[in-house]
Structures are given as C-alpha cells and as structure tokens.
Amino acid sequence: MHGFDFKEIQEKISESFRPWQRSFQFWVRATNIYTGYKVFQLRVSLVKDAKKQEEMWERQHEQAADKIYFMCSDLGGFFLKIAQLLAKPDMAPAAWVKKLVTLCDQAPATPFDAIQAVLEKELGKSIGEIFETFDEKPIGSASIAQVHRARVKGNKMNVVVKVQHPGIERLMMTDIRNLQLFALYMQRTDIKFDLHSITKEMEKQIGYEFDFKREANAMERIRCFLYENNKKSPVLVPRVLPDMVTKRVLVMEYINGIPILSIGDEMAKRGINPHGKIAEAAKHNILNSLSRAYGQMILKSGFFHADPHPGNILICKGQEVALLDYGQVKELPDKLRLGYANLVIAMADDNASRVSQSFWEMGLHTVAKCENEQQELLRLAQTLFDTKMPAGQTVLQPFSDDSSIKKIAVETFPEELFSVLRTVVLLRGLSVGMGVNYSCAEQWRSMAEEALLASGRVTRDGKERSRRRASLRRLRAGS
C-alpha cells in the first residue's frame with residue numbers, strides 16, 4: 001500500500017483555494033472603498049461652502065488611501081502594479097499618491113530554496129555548476145520575479161539573474177479578471193472612460209510578462225534599434241546571455257548605477273546643490289536622453305519599452321541612463337503609429353483641428369458635452385499624451401469638474417494606445433519629480449515629421465509649409 005502524503009494533498013488543496021480566497025478579499029475591500037465614496041458624495045453635496053468641501057474631500061481621500069494601501073499591500077502580486085500606476089501625481093488624488101508611492105518597490109521576496117528549485121529546473125544544472133558566485137539575498141523583488149547578482153563560471157562576467165516567483169501567473173490572472181469586472185461596473189456608473197479596454201490591454205500585457213524568452217528577444221531588438229539609429233544610443237540596454245534564457249529564468253549583464261529617484265541624495269552626498277545649476281543641467285540631460293529614446297522607439301520603430309517607472313531607470317557614471325526590464329513592450333500597428341505622429345505635431349503646434357483629425361484616424365472616439373469642442377479636444381490630447389504641465393500647476397487633476405475628461409466622454413480608446421498613454425504619464429511623473437517641466441510633443445515633433453516623411457504621408461514641401469503655419473500660430477498666440 002502507498003502511504004498518503006497528507007502534506008502534499010493539503011498544499012494542493014490550499015493552492016486551488018488561493019484564487020477564490022483572493023477574489024473574496026478583493027471584492028469585500030473594493031466594495032467598501034467604492035461605497036465609502038458614494039456615501040461621501042451625498043454628504044458633500046449638502047455642503048455649500050467650497051473651502052469646507054475641499055477639506056472634506058481631502059479627508060475622504062486620506063481614508064480611502066489607507067484602505068487602498070492595505071488592500072494592495074496585503075494582496076501583493078498584481079495589486080502592487082496597480083499601486084505603481086496610481087502612485088503618480090497626475091493619476092490620483094495627492095493623498096493616494098503619498099501613501100501608495102511607498103509600495104512601489106515592496107514586493108515580498110520568495111525564499112532562496114524555492115528560487116533555487118525554479119532556477120535549477122529551468123537551466124537543467126545546479127547553481128554551483130553554472131555560477132562561480134551567487135548572492136542568495138535578492139537585489140530586488142517585483143510582483144512577477146526577483147533578481148539576484150551572480151558571477152558566471154569561466155568568463156567571470158558579472159550578471160543579474162531574474163527568476164519568476166513560483167505560482168505567480170495563476171494568482172495574477174485571477175486578480176486582473178476581478179479588476180476587469182470592477183472596471184466594467186465603474187465605467188457604466190461613474191467614469192465615462194473606456195476603462196474596460198484598458199484592463200483588457202493590461203491582461204494581454206501581463207500575460208506576456210510571464211515569458212522571459214519573449215522579454216530577452218524584445219531587449220535585443222530594442223538594443224539593436226537604438227544602437228543602429230544613433231551615433232551613441234541615448235540609453236544603455238543590458239546584453240542578454242542567450243544560452244541562459246528560459247520561460248522563467250533570464251540572465252543578463254549587470255549594469256552598475258543608482259536608481260533615478262536617489263539622484264538628489266547622491267548629489268547632496270557629493271556636495272552638489274540639488275537645486276543649483278549643475279544639478280539642473282544633469283536632470284535636463286537625463287530626461288532628454290530618456291525622452292529621446294522613447295520618441296525614437298514609439299514614432300520611428302513602433303516597438304517600445306512600455307514601463308518607464310522609476311524602478312526601471314538607473315543613472316550610471318557620466319549621466320548615462322540605463323533602461324531595465326523589458327517585460328512590458330508594445331508594438332504599434334503602422335496606422336496607429338502614424339496617427340500618433342500626426343497627434344504629436346498637432347499638440348506641439350496647438351492645432352486643435354489636427355488633433356480631432358488624429359483622434360479620428362487612431363480610432364479614439366469621443367463625445368463632447370461642451371461648446372468649444374475643438375479647444376477641449378486639444379486640452380484632452382495634451383492631458384493624455386503630453387508631458388507638459390499647465391502653467392502654475394504641478395498636479396493634473398484628470399477627474400476634477402473642469403477637466404477635459406469630464407467635458408468630453410472617451411467612448412472608445414484603442415487598446416494599444418494605452419501603453420503610449422502610460423509611458424507618457426510615467427515620463428511626466430519623472431519630470432514633475434525632478435522639477436523639470438518639458439513637453440515631449442515639442443521634443444518629438446521632428447521625429448514625428450520624419451516618421452510621416454518616411455511613410456510617404458507628407459512631402460518635404462508639405463513639411464516646410466506645416467512648420468511655417470505652426471510658427472505663425474505660435475506668434476499669434478504669444479501676441
């Protein structure tokens with residue numbers, strides 16, 4: 001007779017119950033946060049004093065921020081990604097941002113023996129056979145995987161080993177489906193924005209992130225594109241060790257640098273005034289390199305790294321910028337890429353009629369509930385797709401009453417465009433954090449023209465005429 005392994009059976013049962021347990025926890029907590037806001041809306045509508053209303057909203061946002069923080073922190077996994085997305089000054093109320101920003105790099109690490117088991121199963125050899133040294137303590141842990149430093153046997157190369165958390169794929173897919181249902185409900189009741197498409201796109205993108213072979217190919221493709229298109233690539237891209245890549249393990253060269261968010265502290269350590277001229281110039285150079293790389297990827301190749309959150313950006317010696325983590329990449333169809341190029345020019349030139357033409361071309365359908373529809377469309381485009389902040393503002397409030405999103409309903413939002421939107425939002429968050437206000441539309445304008453020129457959509461004469469018209473429009477606006 002075979003003896004039953006009760007421990008194994010117990011583990012299997014608990015494994016199959018985990019998704020149900022998570023779903024239950026999510027719905028209980030999300031419903032609590034949502035009904036809290038609905039009840040509050042009724043209370044605040046009875047108060048006539050605007051200042052008092054504002055104070056009440058702040059308190060409400062603080063209470064909700066605590067609840068969202070604990071939900072994301074307790075559930076982990078995909079909810080850490082949600083915290084990352086919401087912890088942007090232009091995406092959520094200030095109280096949420098302040099609370100959630102502390103969660104961004106806090107994914108719990110998987111114990112080393114579980115990581116070792118995944119690694120040895122995937123690579124088919126023991127750690128000692130492949131690596132001369134291997135740090136058991138991870139240098140970072142994110143929602144899908146964690147990374148360890150190591151040195152390869154033989155060529156003595158310093159590398160980073162990225163290993164997937166066991167069982168994470170099933171859990172994260174459960175999370176995202178729950179979120180989709182919630183987004184669908186919100187879209188029908190409260191927010192007139194195509195949230196469901198956004199969560200569908202997230203599901204597709206996250207699904208890709210579980211395949212490290214795909215990530216390795218993306219990294220090489222982007223590295224080649226940037227190195228071939230420039231005398232010197234605007235950003236460093238790590239090299240992959242092709243014979244050490246599987247679906248759940250990825251080994252790449254180690255790049256030494258400091259996280260972009262620590263740059264102020266690093267300058268202070270070296271006796272540089274973080275608000276002085278040297279620091280300002282350094283920040284401009286860093287943002288310029290990063291933004292140039294993104295402009296080229298999105299507009300010229302249409303294949304781009306779609307996750308420029310601060311944890312993926314390192315500053316190396318000589319102000320070089322390294323871009324890490326290619327789990328989220330996106331390829332835009334040519335029609336959408338060229339439509340976006342057209343939109344970039346329209347935003348840079350403040351050309352409202354060209355914005356509406358670009359929206360139509362990209363399949364972004366809107367319904368206006370205001371008189372000066374074209375101007376509001378231009379404002380909406382700049383809110384969604386440009387990094388520049390309006391004068392005197394450090395925070396965009398996309399859901400405030402006078403925002404263009406409230407005046408113009410976005411009925412359909414092409415799924416692929418969400419990655420562009422997210423990239424611009426993250427670049428804007430970085431520029432706000434560094435105290436540099438710049439317009440990616442203005443910086444990318446010439447790249448957008450080159451993209452349209454290369455496709456035969458405009459001629460050199462047309463390009464010149466469009467430049468002259470734009471200059472005239474800016475002169476009139478300034479006078």
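Strand 5 and strand 11 (residues 320–323) run parallel and are joined by 2 bridges. Helices here (H or I, at least four residues) and strands (E, at least two) are DSSP runs, numbered from the N terminus. Two strands count as paired if DSSP finds at least two bridges between them. Leucine 236 has alanine 322 in strand 11 as its bridge partner.

Before I go on, this is a predicted model, in which local features need pLDDT of at least 70 and side-chain atom pairs count only at pLDDT 80 or more, while totals for chains, interfaces and linings use all residues. Residues are numbered from 1 along each chain as its sequence is written, and side-chain values use heavy atoms, with hydrogens and water left out.

Back to the sheet. Strands 5 and 11 belong to an open sheet of 4 strands in the order 5-11-10-8, with mixed pairing. Its edge strands are strand 5 (235–236) and strand 8 (258–259), each of which pairs on one side only. As a general point, side chains in a regular strand alternate between the two faces of the sheet.

Now the chain as a whole. The chain has 18 helices and 14 strands. Of its 479 residues, 49% are buried. Buried means under 20% relative accessible area, exposed means over 50%, and partly exposed is in between, with a 1.4 Å probe and protein chains only. Contact means heavy atoms within 4.5 Å. Among contacts between residues at least 6 apart in sequence, 68% join residues at least 24 apart.

Next, strand 4. How many of the residues of strand 4 are buried? The strand covers residues 158–164, and 6 of its 7 residues are buried. Strand 4 runs antiparallel to strand 3 (residues 145–152), with 7 bridges joining the two. One of the pairs to look for is alanine 145 with glutamine 164 in strand 4. Strands 3 and 4 form a hairpin with 5 residues between them, and glycine 154 in that turn has a positive phi of about 90°. Strand 4 is also joined to strand 7 (residues 249–253) by 5 bridges, again antiparallel. There, valine 159 has glutamate 253 in strand 7 as its bridge partner.

Those strands come up again in the second largest pocket. On a 1 Å grid over the protein atoms alone, a pocket is an open set of points with protein on both sides within 12 Å along at least five of seven lines, and a cavity is a set of points where a 1.4 Å probe fits but cannot get out; lining residues have an atom within 4 Å of a point. Grid points are joined across faces, edges and corners, and a volume is the space filled by probe spheres set on the points. The second largest pocket holds about 1,000 Å³ of space. It is lined by 42 residues, and the closest to its centre are Gly140, Val147, Gly311, Asn312 and Leu324. Elements giving two or more residues to this lining include strand 3, strand 4, strand 7 and helix 9 (212–229). The lining divides into 21 nonpolar, 13 polar and 8 charged residues. In that split, Ala, Val, Leu, Ile, Met, Phe, Trp, Tyr, Cys and Pro count as nonpolar, Asp, Glu, Lys and Arg as charged, and the others, Gly among them, as polar.

On to cavities. The structure holds 1 cavity of 30 Å³ or more. The largest cavity contains about 130 Å³ of space. Which helix gives the largest share of its lining? That is helix 8, with 4 residues. Helix 3, helix 8 (195–209) and helix 16 (417–433) each supply at least two lining residues. Among the lining residues are Phe78, Met202, Phe418 and Arg422.

Helix 16 also holds valine 420. Valine 420 is buried, at a relative accessible area of 0%. Outside the residues up to four places away in sequence, valine 420 touches Phe304, Leu332, Tyr340 and Phe385. Valine 420 and aspartate 307 are 113 residues apart in sequence, and their C-alpha atoms are 9.8 Å apart.

Isoleucine 286, in helix 11 (residues 277–301), counts as buried because its relative accessibility is 1%. With neighbours within four places in sequence left aside, its contacts include Ile260, Ile315, Val321 and Met434. The C-alpha atoms of isoleucine 286 and isoleucine 315 are separated by 8.0 Å, with the residues 29 apart along the chain.

Last, the cysteines. With a disulfide taken as a pair of cysteine sulfur atoms within 2.5 Å, the count is 0. Cysteine 72 counts as buried at 1% relative accessibility, and cysteine 440 is buried at 0%.
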